[in-house]
Amino acid sequence: MMTENYPVIALRGVTVFPKLSLSFDVERGISLFALDCAMEGSHDIFLVTQREIGVAEPEEKDLYTMGTVCHIMEILKTSDTTVRVRVEGRQRARLHRLWQTMPFLQANVELLEEPTVRHTDRVEALLRQTYALFGEYHDLVPNLSDELVATVLDSREPGELADFIAQNLALRHQHRQSVLEELHPSKRLQLVNELLVHELDVLTLEVEMEQKVRDRVGRVQRDMVLREQMKVLQHELGEDGMEEIEEYTTKIRQLHLTQEVEKKLLKEVDRLAKQPFGSAEASVIRNYLDVCLEMPWNEVTCDQADVDKAAAILDHDHYGLEKVKERILEFIAVRQINPDAKGKILCLVGPPGVGKTSIALSVAKAMNRKLARLSLGGIRDEADIRGHRKTYIGAMPGRIIDALIRAGSMNPLLVLDEIDKLGSDMRGDPAAALLEVLDSEQNSTYRDHYLEIPVDLSRVMFITTANTLDTIPRPLLDRMEVIELGSYTDEEKLEIAKRHLLPKQMQEHGLKKAQLRVNDSAIRGIITGYTRESGVRVLERQLGKVCRKAAMRLISEGVKRVSLTEKTLENYLGPCRYEPSLHMKQDEVGIVNGLAWTQVGGEILEVEVNVMEGSGKLELTGNLGTVMQESAKAALSCLRSRAEELGIEKDFYKTKDIHIHFPEGAVPKDGPSAGIAITTAVLSALTGRKVRGDVAMTGEVTLRGRVLAIGGLKEKTMAALRYGMTTVIIPKTNEKDLEEIDQTVRHALHFVTAETVDDVFAVAFSEKKEPTATVEHLTALAANTKEVPNTLCV
């Protein structure tokens with residue numbers, strides 16, 4: 001292999017082929033020096049194409065390996081820094097090493113000989129294919145010179161023909177380089193044919209697209225001429241649309257809007273006047289103006305300023321919910337003193353069915369405000385809240401503006417239902433869009449994306465509802481005043497059923513008061529035996545079922561009155577669905593009545609302890625959570641540290657196995673408030689002392705024997721009363737919470753507050769002492785346990 005040294009010029013976007021001449025401009029310093037070097041010698045120079053056009057100082061990796069050794073025919077200076085060079089390609093050559101980059105490029109290159117090709121039938125077929133393809137190309141590109149076409153048709157050498165077509169066609173330099181790198185003439189011509197086919201496809205598409213554009217432009221020009229003619233005719237007939245413009249202008253001025261809003265709307269009216277008849281933009285502007293004029297600008301309702309009347313309306317519509325009613329009446333009282341007070345944002349949080357949405361609707365009636373309800377559950381698009389830009393097809397304002405239009409007032413009560421169920425995706429976060437809406441310091445200049453004008457929301461009262469606070473973003477929650485609605489007690493459900501649910505169902509089923517009688521014991525039986533919920537929705541459905549059965553009896557059996565008692569419930573509603581929790585009513589050893597909170601109310605939660613001879617193992621069963629297991633270990637350590645004082649064997653933790661079990665093992669249980677119940681049960685089992693069966697207890701225990709506060713006291717005490725307890729032991733720190741529990745429960749139960757476990761033991765144990773409870777006895781007590789479909793939180 002022989003190599004020779006040549007000065008090198010790196011071409012940008014240009015490829016030179018052998019036996020063909022080409023002119024190009026040179027302006028880089030390294031290229032000008034390479035020309036000078038070549039002119040001092042044989043006038044030969046190696047031309048190779050750069051891989052990337054943007055590289056200013058190419059290195060060997062930036063150059064293709066295949067180039068052409070050319071002879072410089074002419075150099076013409078065109079400016080102070082640029083010369084035009086005409087070269088003629090001599091021979092293909094391969095770059096071996098670029099050994100110099102400054103002051104000009106110089107390389108070792110290998111000269112390549114082109115192989116000879118016999119004129120076979122295959123070669124002739126290739127030539128004919130090339131002529132045909134080039135003829136089609138000439139038809140689509142008519143500006144090709146006749147000399148160029150003649151040269152192609154006269155050429156009989158496949159390699160030279162391929163080089164000639166590649167250099168004269170409008171190809172990318174990468175495609176030209178691929179032709180240059182193919183040494184075999186027949187294969188090179190085949191490659192050129194493939195490139196011609198590709199160019200023909202592209203040119204055909206270009207021609208079709210150009211024709212479509214011309215047709216469309218022609219139609220647009222024709223439509224424009226026809227529209228101008230119609231405008232002239234309408235003007236002659238006095239139907240030039242000026243009446244519509246004047247109507248919009250008059251309506252806007254009559255609203256007496258702020259200067260900014262009026263200026264914006266009048267500007268849109270001027271744009272409408274300049275639009276050609278029937279244009280799409282005119283329809284967009286009309287829709288925008290119609291929406292803006294539908295807004296209840298300056299329309300407000302007078303608030304109900306009488307607190308007593310508002311209280312009467314709230315009490316008539318809802319039983320209970322005292323906290324919510326108190327807060328609403330406070331707001332009404334403030335409005336009575338200061339009518340210009342800003343609207344408030346309340347968030348009602350509670351389990352399903354407790355009346356969050358219905359109380360919000362009653363508030364509107366009590367305050368004499370227009371009402372609009374927005375269901376936010378499942379909304380995932382920020383544009384649902386703030387609207388779409390009016391430039392989009394089918395754009396519309398957001399739900400807040402739409403609610404104002406529906407309410408017909410600028411100071412309505414807007415109920416944002418299920419705010420905890422907002423979603424978010426790549427279209428934005430609706431909760432973030434609500435930050436401005438629910439901020440009383442910012443919403444006086446709220447801007448909807450569609451309206452693009454400020455709207456005052458400061459006089460709007462917002463009430464949001466949610467089932468949980470966990471899914472509401474913290475910045476949004478910080479803007480709202482949270483009012484928690486707990487589960488209804490059984491007594492509250494009884495009153496709601498008597499006052500609201502039963503009369504409503506009887507009216508819907510066409511029953512008169514004399515035709516159906518339901519006593520209180522029957523309603524209590526439905527509440528405890530056929531429903532397990534925080535609210536009253538299932539209770540209402542069960543009462544509806546009773547009404548349907550009663551209607552059936554009135555028609556089919558001909559009776560004139562149906563009376564429902566607790567004993568006849570199964571005839572109407574079937575077997576009891578929920579059995580009461582298992583608990584002991586007599587004094588027992590190792591069994592304590594604890595109290596638990598569930599999402600549907602309180603429950604009695606028994607703690608059973610058995611002590612056996614063994615090696616000091618502690619067994620915990622009953623599907624207990626981590627916190628509850630740790631609470632049991634803390635109780636055991638508390639007793640162990642005070643063994644001598646409590647009369648327990650000092651080495652019981654070595655010689656006794658202790659098994660702590662919570663019945664209803666399929667139901668998950670967790671929480672620390674069973675601490676004192678576990679402590680009492682273990683002490684009872686170790687000492688043989690009986691625990692009173694009419695005592696229930698709740699409280700967290702520490703290693704030092706202190707009793708700490710717990711939650712859910714209202715529901716737990718209601719469960720204690722429901723299951724026949726007479727005494728309830730609670731932590732001393734929860735004494736203040738007794739004011740909030742149901743007064744019926746407060747007067748029916750004896751509450752004992754405990755600071756330490758000694759206070760608990762003093763009340764919980766009966767006088768008699770019995771042997772330690774046996775496994776067989778405890779197993780028999782738990783034999784009939786029923787599953788409760790809720791997690792117990794103790």
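Here a trainee asks how labels are earned in this predicted model, and a mentor answers.

Trainee: Let's start with burial. How do you know whether R92 is buried or exposed?

Mentor: Look at the number. R92 has 4% relative accessibility, and buried means under 20%, so R92 counts as buried.

Trainee: And what makes H43 partly exposed?

Mentor: H43 comes out at 26%. The label covers what lies between under 20% and over 50%, so H43 counts as partly exposed.

Trainee: Which label does N298 get, then?

Mentor: Its relative accessible area is 52%. Exposed means over 50%, so N298 is exposed.

Trainee: What is the backbone doing at H43 and N298?

Mentor: H43 has a positive phi of about 65 degrees, although it is not a glycine. N298 also has a positive phi of about 65 degrees and is not a glycine. You'll find H43 in the loop between α1 and β3, while N298 sits in the loop between α9 and α10.

Trainee: Where is there a cis peptide bond?

Mentor: Between M102 and P103, with omega at about 5 degrees. P103 belongs to the loop between β5 and β6.

Trainee: On to salt bridges. Why is the pair E114 and R92 called one?

Mentor: Check the distance. The closest N and O atoms are 3.6 Å apart, and the rule asks for a Lys or Arg nitrogen within 4 Å of an Asp or Glu carboxyl oxygen, so the pair passes. E114 lies in the loop between β6 and α2 and R92 in strand β5, so the bridge ties together parts 22 residues apart in sequence. E114, at 39%, counts as partly exposed.

Trainee: How far apart in sequence are E481 and R327?

Mentor: They are 154 residues apart, with E481 in strand β13 and R327 in helix α11. Their side chains meet in a salt bridge at 2.6 Å, N to O. As for cover, R327 has 16% relative accessibility and counts as buried, whereas E481 has 33% and counts as partly exposed.

Trainee: What makes R386 and E382 a salt bridge?

Mentor: The closest N and O atoms are 4.0 Å apart. The cut-off is within 4 Å, and the pair is listed as a salt bridge. R386 is buried, with a relative accessible area of 13%.

Trainee: Which residues do shared partners join into one network?

Mentor: K264, E268, R271, E281, R389, K390 and E452 are joined that way, through salt bridges. The count for the structure comes to 43 salt bridges.

Trainee: Now the sheet. What makes β8 and β13 edge strands?

Mentor: Each of them pairs on one side only. The order is β8-β9-β12-β7-β13, an open sheet of five strands with parallel pairing. Neighbouring strands are turned by 20 degrees against each other on average, direction ignored.

Trainee: How do you know that β12 pairs with β9 and β7?

Mentor: Count bridges. Pairing takes at least two; β9 and β12 share four, and β7 and β12 share five. You can pick out V415 opposite I463 in β12, and L414 with its bridge partner F462. Toward β7, L348 has T465 as its bridge partner in β12.

Trainee: Why is β12 called mostly covered?

Mentor: Six of its six residues are buried. M461, I463 and T465 point one way, F462, T464 and A466 the other.

Trainee: What makes the buried residues of α5 line one face of the helix?

Mentor: Seen down the axis, they fall within an arc of 160 degrees, so they line one face. Those residues are H173, R176, Q177, V179 and L180.

Trainee: Last topic, the cores. Which residues have the most contacts inside the largest nonpolar core?

Mentor: L376, I419, L434, L438, L451, V455 and M480, in a core of 54 residues. Helix α9 gives the most to this core, with six residues. Apart from it lies another core, of 51 residues, among them V324, I328, Y488 and I496.

Trainee: What is L438 in contact with, beyond its neighbours within four places in sequence?

Mentor: Its partners are I345, L416, I419, F462, T464, L476, R479 and M480.

Notes: Residues numbered from 1 in each chain as written. Predicted model: local features only at pLDDT ≥ 70, side-chain atom pairs only at ≥ 80, totals over all residues. Heavy atoms only, no water. Core = buried A, V, L, I, M, F, W, Y, C linked by side-chain atoms within 4.5 Å. Buried < 20%, exposed > 50% of the residue type's maximum accessible area, 1.4 Å probe, protein only. Helix = DSSP H or I, 4+ residues; strand = E, 2+ residues; numbered from the N terminus. Contact = heavy atoms within 4.5 Å. Axes fitted to C-alpha atoms, helices over the stretch in contact; angles between N-to-C directions. Arc of directions from axis to C-beta.
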